[in-house]
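Student: I've got a model to look at before I go back to the bench. Can you walk me through it?

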Amino acid sequence: MATAPTLCITATNLLILLIFFLPSLVLSDCSCDEAEHSDHPINGGESLKYKLAAIASILVAGAAGVSIPLLGKKVPALNPENHIFFMIKAFAAGVILATGFIHILPEAFERLTSPCLGENPWGKFPFTGLVAMMSAIGTLMVDTFATGYYKRQHFSKPKQVTADEERGQEHAGHVHVHTHATHGHAHGSASPSDEESLSDLIRRRIVSQVLELGIVVHSVIIGVSLGASQRPETIKPLLAALSFHQFFEGLGLGGCISQAKFRFSTMAMMVLFFSVTTPVGIVLGIGISRIYHENGPTALIVEGVFDAASAGILIYMALVDLLAADFMNPRLQSSLRLQLGANISLLLGTGCMSFLAKWA
């Protein structure tokens, strides 16, 4: 059975694949210079300073964002059972939703409808919408099949009766539930509430891992694009905007990870994985900056397709697995005050992230 560490290893393999696959496609590709770059002269020396600052800034911001929700055990206000946590998650979900709709999807449309690409077929069919739609459907399929698989593994097995239960009636309702990564097993007569709790836990773990995969795909592209740029005027606004972007995105992911109750080693791996992805992309972009053509046809197609795919994943995850799950929670619906707070937080999250689109 696939466990959380196994899925994290799969995610790591995906990152390695992106790191080596993306540059191989865009190297030695013909460029298509656009007039918009004439106002931003190339200056490799000054650009490198901002890139190094971006690596440090984005690394710290990402690590801080994803770690804050994990401090819930130490800080009562950040505990997943606290009302404030609902509002923090709503804010972070709004950030992720705006990231998909405002930041990634328009970039994908811009790349796949660029005049540098041929009219046939790119100008005759909305490939961006198709890729985003299929990505969202694919995420739904992975979501449902993985959840169904784990539930069948846990709840279709006959329940085992312990020796203590056979010897005495006082132990008849006693349940020992152990969870390991994304799977668990129960000894004894598990009550419906115990089964529901384990089912929710499995669901949260799948959600957190799928969400991280969606974020990683876009983060690699962001890093490579920033690292390959030779124009300081383009990099400077991105430095601050992407730091905030990474911080807020980390809040959303960290909230999912904290509710999934992974083992410490798995949480540390996921935090590290999220934190270093964009900086690694920047380093890779710096390495290929002299031979990388951001307006080359192949680069536009590859980045556009990956952007559209990650937009579909993030939009689905934000709406279905984060917002719908929390906003339909009986605990939230039973409190008008909590409902209002969550809705305001959601609007603030989408508003803040949308505002950053002015620079990034």
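Tutor: We'll start with the overall fold and then go through some helices and single residues.

Tutor: One thing up front: this is a predicted model.

Student: Fine. How many helices and strands does the protein have?

Tutor: There are 11 helices and two strands. Along the sequence the order is α-α-α-α-α-β-β-α-α-α-α-α-α.

Student: And what share of the residues counts as buried?

Tutor: 48% of the 360 residues. As for contacts between residues with a separation of 6 or more, 85% come from residues 24 or more positions apart.

Student: Which residues does UniProt annotate as "transmembrane region"?

Tutor: The entry, which is unreviewed, gives that annotation to residues 52–72, 84–105, 125–150, 206–226, 269–288, 308–328 and 340–357.

Student: What do residues 84–105 look like in the model, helix or strand?

Tutor: That span is 100% helix and 0% strand, and its end C-alpha atoms are 30 Å apart. Residues 308–328 come out at 95% helix and 0% strand, with 28 Å between the end C-alpha atoms.

Student: Now helix packing. How do helix 3 and helix 11 cross?

Tutor: Helix 3 is residues 83–112 and helix 11 is residues 336–355; their axes come within 7 Å and cross at roughly 35°. The crossing is right-handed.

Student: Which residues of the two helices meet?

Tutor: On the helix 3 side they include Phe-86, Met-87, Ala-90, Phe-91 and Gly-94. On the helix 11 side, Gly-341, Ala-342, Ser-345, Gly-349 and Cys-352 are among them. By class, the contact has 13 nonpolar, nine polar and no charged residues.

Student: Let's zoom in on Ser-345. Buried or exposed?

Tutor: Ser-345 is buried, because its relative accessible area is 11% and the cut-off for buried is under 20%. This residue is in helix 11. Leaving out neighbours within four places in sequence, Ser-345 contacts Met-87, Ala-90 and Phe-91.

Student: I saw Cys-352 in that helix pair too. How many disulfides turn up in the whole structure?

Tutor: Zero.

Student: What about the accessibility of Cys-352?

Tutor: Cys-352 is partly exposed, at 33% relative accessible area. Cys-256, on the other hand, is at 4% relative accessibility, so Cys-256 counts as buried.

Student: Switching topic: where is Val-216?

Tutor: In helix 6, which is residues 192–228. Val-216 has 1% relative accessibility, so it counts as buried. Its C-alpha is 6.9 Å from that of Phe-274, although the two residues are 58 apart along the chain.

Student: How far is Thr-234 from Trp-359?

Tutor: C-alpha to C-alpha, Thr-234 and Trp-359 are 9.0 Å apart, with their positions 125 residues apart in sequence. Thr-234 is in helix 7, residues 232–260, and is partly exposed at 29% relative accessible area.

Student: Last one, Lys-261. What is its phi?

Tutor: Positive, about 55°, even though Lys-261 is not a glycine.

Student: Why point that out?

Tutor: Because most residues other than glycine have a negative phi.

Student: And where does Lys-261 sit, and is it buried or exposed?

Tutor: Lys-261 is in the loop between helix 7 and helix 8, the latter being 264–287. Its relative accessibility is 56%, and the cut-off for exposed is over 50%, so Lys-261 counts as exposed.

Conventions: Residues are numbered from 1 along each chain as its sequence is written. This is a predicted model: local features need pLDDT of at least 70, side-chain atom pairs count only at pLDDT 80 or more; totals for chains, interfaces and linings use all residues. Side-chain values use heavy atoms; hydrogens and water are left out. Axes are lines fitted to C-alpha atoms, for helices over the stretch in contact, and angles run from 0 to 180 degrees between N-to-C directions. Helices (H or I, at least four residues) and strands (E, at least two) are DSSP runs, numbered from the N terminus. A crossing is left-handed if the near helix is turned anticlockwise from the far one by less than a right angle, and right-handed if clockwise. Contact means heavy atoms within 4.5 Å. Ala, Val, Leu, Ile, Met, Phe, Trp, Tyr, Cys and Pro count as nonpolar, Asp, Glu, Lys and Arg as charged, and the others, Gly among them, as polar. UniProt positions are given in the numbering used here, feature names are shortened, and annotations may be inferred rather than shown by experiment. A disulfide is a pair of cysteine sulfur atoms within 2.5 Å. Buried means under 20% relative accessible area, exposed over 50%, partly exposed in between (1.4 Å probe, protein chains only).
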